[in-house]
Amino acid sequence: MAASSLLGGFDWRAPLGVGRSLLLAFATFALLLLLLGKNPLSAYAAIFSGALGSGYSIGEVLVKLIPFVLCALAATVPARVGLVNVGGEGQLYMGAWLASFAALNLTSLPAWLMIPVLIVTGFAGGAGWAGICGFLRVKAGLNETISSLLLNYVGTLVVDHFVHGPWKQQSAQGWPFTAPFVDAARLPTFLGSRVHLGIVLALGGVALTYFVLRWTRWGFEVRIVGGNPEAARRSGIPVGRYLLVAMAIGGGMAGLAGMCEVSAIQGRLRPGISNGYGYIGFLASWLANHNPLWTVATSALLAIIVVGGDVMQVNVNLPSASIDILTGLLLFFILGRSRKVVAA
Amino acid sequence: MHLFPRANLRDPIRGAALAGVFLLAACGGTTASPATAPASAAPPAASAKPSASAASEVSAKPVASTAASAKPAASAAASAASAAGSAELAAFPPNSVSPVKDVKGPAGGDYVPGTVVATPPAASGPKAITVKPGEKLKVGFLYVGPKNDFGYNYAADQGRQYVEKALPWVDTVYAENVPENAEAERVMEQMIQQGAKIIFPTSYGHLDPASKEAVKHPDVLFLHQGGILDDKTPANVGSYFGEIWEAEYPAGIVAGKMTKSNKLGFIAAFPIPQTLLNINGITLGAKSVNPKAEMHVVFTADWCNPAKQTEAAQSLLDQGVDVISQHQDCPGAIVQSSERRGALSIGYHADASPLAPKTWATAPSWNWGPTYTDLILQAVKGTYKPSTLRSGLDSGVVVLAPFGPAVPTDVKSAATTALADIASGKLKPFTGPLKDQSGVVRIEGEQPDVSKLETMDWLLNGIIGSIPK
Amino acid sequence: MALAFVLAVLTGAVRSAVSVLFATLGEVIAERAGVLNLGVEGCMLVGACGGFIVGVETDNTLLAIVVGTLLGGVVSLIHAYLTISRGANQVASGLALLFFCLGLTALIGAPYVSKNVTGLNPVPVPLLSELPYLGPILFRHDLLSYAAYLLCPVVWFVLFRTRWGLIVRAVGEDARVPFAAGWKVRPVQYAAVFIGGLLGGLGGAHLSLAYTHSWVEGMTNGRGFIAVALVIFSTWHPIRALGGALVFGGAIALQLQLQGLGVPVSPFVLNMAPYILTIVVLLLTSRNRRFSMPQGLRLSFQGS
């Protein structure tokens, strides 16, 4: 389903359907709030003013958009060759881990050299981690959904291990995080906001993915592999190599997201740098039907909900996790639109 | 979204507080002020909740603030002392107050919004927060976990509620489950955009994000719970905290006297200095009355993971441990495991006795309300100067929660005596020679000062269990 | 000393494993019918929260467990509807269920944090609990733990020795076969997902009512995801699921016990063990058809 929809032709009816699902989700959530004695109107006012009401809040949406889009690409690229990568979370952590290794050890590099090094290491960390899944898939036939899901935990634990152990800042008084990165290892931000260079990487990644898949011979072959691997193999396309590379590129994107989080947002490696970004990215990609351009829109939608959710908490006194209900409902209604399965 | 592996770092390094209320339920639920006659002088019983019934006693004594950077602490102590006898409920407008009984502003209770009492601080300090008559001052609180966890966040939220009652011209907003990372910046920004002028980020990891916000909003005051300020910290960020380990020693006396198996357990989360101070403090207290007492320590590497806590508690209980203490954010699961198996519970952060009616002993706890109130008052009066404030039992920011029914009178009085001696400075628990687990002497003679203690990275010789690497 | 250590680890392993074992067994059934439910975590949370609330309000532990279990089943029907009737992506739908339940339980359960509940207490089995070694390890737990042991062979029997089990497995392998044989596929899949949700809810109820006696939002801390991993580890087999759950419980118990000995092993490295072992097991068994994943599930994992 994913691979068969051609990249170029947007289905302009899709957003209408999504809009209807959105409305239904909002209505259901409002009903739930009413049942709990909260005012849904003030809750929605809080969400929207909190996410879109000011330059600052729009900036914050963009800040969240960066990891969401990059993690969405982590699912999108492998999906084009028919692979399912749910491992964005682990790949994000491993990208952050390798980039942190560089940032903590190459402290004397100037920024113009350091930033490229971070980009390369961040990408490599995620790509390597996803590459394991690709390799196991190609060489041993191990399902990549399973292996990437399992490696999420391992990747998170690798970071936990390093920040609690070998990389723990000596002066951090027992707190599990590394020393702060030097200034040269901090991604530049724009216009006094927290929006950082990662937005260029994310949108550049989208554009590049779109361009390569749509306009190059490579993209053409990817479509064949994704559509019918057997036919691709017969026509001499190195299918295994495509699977491995697609997985690695996807993982690299998630790794970049991790690098951005540590370098631009946190300024050091610590546990919990991602609040489920890898999973949210997967959902964003899936909602966009694995179309790289649409992932920007779906990621933005999810970012608005996340950013607005904090304001809702402060204004309406709902637990912060209640925004997860809205996310869940939204997904339910969109998922409910799926084509009916052909009766078996 | 909170389910995914996340920053579960909660709960700060400890330090600071100002004037306040000393409250301690001693023998038979009476309150005693350590400043006067501990354990014997007994004003009428007081509840365990931060209530200020003893406020006037405190103000009778200059508060000895053991601030790491002492200068500004003096002003805090002074303002607290000046409150002697004038502990009126701070109110605005003065005749529309609905005073809450026994809640008293520790200092400056006569403050009327719209007045600036002191000359504004020097250019380097924060601007005075002005409250116009008829308007409310908005104050924001950030909690790292749920506010009803019977633990660290619960204690902080009790303090917020105290502020609301004590200062009717203050309006509070709060956010729970604020992660200790850049997410916190956004939450603070949103509070500021709603008009908050003072923000209390209450968790250790909120310091970095608060500092970033402070640069963007020089007119907002950030009062951080537990942070240590340095020269890079913006001028409108201050820090306060309490030496809660001082209350661990008396709790240790309870543990040492009550154990039958001579095996005590401590379930810790992370090996931060505050935790290690607590473990060593309670061990010293226990050994002071029972040299045979043996402390078993387990780290869960999670601030609030009930399943892991339960497993840790069960495994300690299986080893014959009969008193369990802890340093976790949510104490419930451990307290209940102990209750079900009849082991004594020494809680932490707050009074959680409802969770263990039979086996609850006591808990080193926070009493933030008076501190928050005092800081807000100083800020609006223009007398506040940011500093890293530390104080303990002497100021009442740290208390021992009421004893449970299982604790006999002689044990209570032994603990309260120690409590008073520590508060008065007569007893210094960390007096050397103290050896670490490898036998190296870490403290030779006198008890080191607070800033030195707060770098503790070792466990006492004889403690069973290791600091995770 | 060494013996006491092993005993302590094994006892702890059993204690920690129970809630995960319920969820794993449930997920085995669902996946055998060809439906992957990544939202088990959500079912567990709903069971833990709902059971706890009923336990606090009514003080009737049996009712609490029943309600928690049922709620787990009810929310799993959302997943069943979306994936079976609407053909939605199973991975996405499972994650959506997880988000929904996480938020819902945090919201509704907030007033119940730090409430007291009677819950279940350990009941030693007469005679058996006096057995050397095995007694303390296996027979001094709460009633739900014993139910969990018994459930393993029961699930095995149902899946491999009953007609219904045969149909479930056939549906999971290739839905066309039972369809051709005149069986309705969807009701079977619905039932399997529902049972999976029930057992997830039961695992959650065990966590809040029998194990920790407390409720905190997100208290499952990833146990539902671990259950999904353990299903794979056990190669979709209920008896091996017991082994998988014990490996998970053992990793937790071992890290706590090793600390007591002062052995410098990173708890995080130990926590990796179940996941890495799962991958190794999959690699070792991938050539053997006996251990292979249900064919129908292959499609789910390919996220059609």
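B:His349 is buried in this predicted model, because its relative accessibility of 0% falls under the 20% cut-off. The residue sits in the loop between strand 11 and strand 12 of chain B. Its phi is positive, about 80 degrees, although B:His349 is not a glycine.

The two strands that flank this loop belong to an open sheet of 5 strands in chain B. Strand order is 9-8-10-11-12, and the pairing is parallel. Strand 9 (294–299) and strand 12 (360–362) form the edges, each pairing on one side only. On average, neighbouring strands are turned by 25 degrees against each other, direction ignored. Helix 7 (residues 273–289) of chain B packs on the sheet. This helix touches strand 8 (263–268), strand 9, strand 10 and strand 11, and its direction makes about 160 degrees with that of strand 9.

Within the sheet, strand 10 (residues 323–327) and strand 11 (residues 344–346) of chain B pair in the parallel sense over 3 bridges. B:Ile324 stands opposite B:Ser345 of strand 11. Helix 9 (residues 332–340) of chain B lies across strand 8, strand 10, strand 11 and strand 12. Helix 9 runs at about 180 degrees to strand 10.

Further backbone features occur in loops. Most residues other than glycine have a negative phi, and most peptide bonds are trans. C:Asp59, not a glycine, has a positive phi of about 60 degrees. It lies in the loop between helix 2 (40–58) and helix 3 (61–85) of chain C. C:Asp59 counts as exposed because its relative accessibility is 52%, over the 50% cut-off. In chain B, a cis peptide bond joins B:Gly432 and B:Pro433, with omega about 0 degrees. B:Pro433 is placed in the loop between helix 11 (409–424) and strand 16 (434–435).

Terms used:
Residues numbered from 1 in each chain as written. Chains lettered and ligands numbered in written order. Predicted model: local features only at pLDDT ≥ 70, side-chain atom pairs only at ≥ 80, totals over all residues. Heavy atoms only, no water. Pairing = 2+ DSSP bridges. Helix = DSSP H or I, 4+ residues; strand = E, 2+ residues; numbered from the N terminus. Axes fitted to C-alpha atoms, helices over the stretch in contact; angles between N-to-C directions. Contact = heavy atoms within 4.5 Å. Buried < 20%, exposed > 50% of the residue type's maximum accessible area, 1.4 Å probe, protein only.
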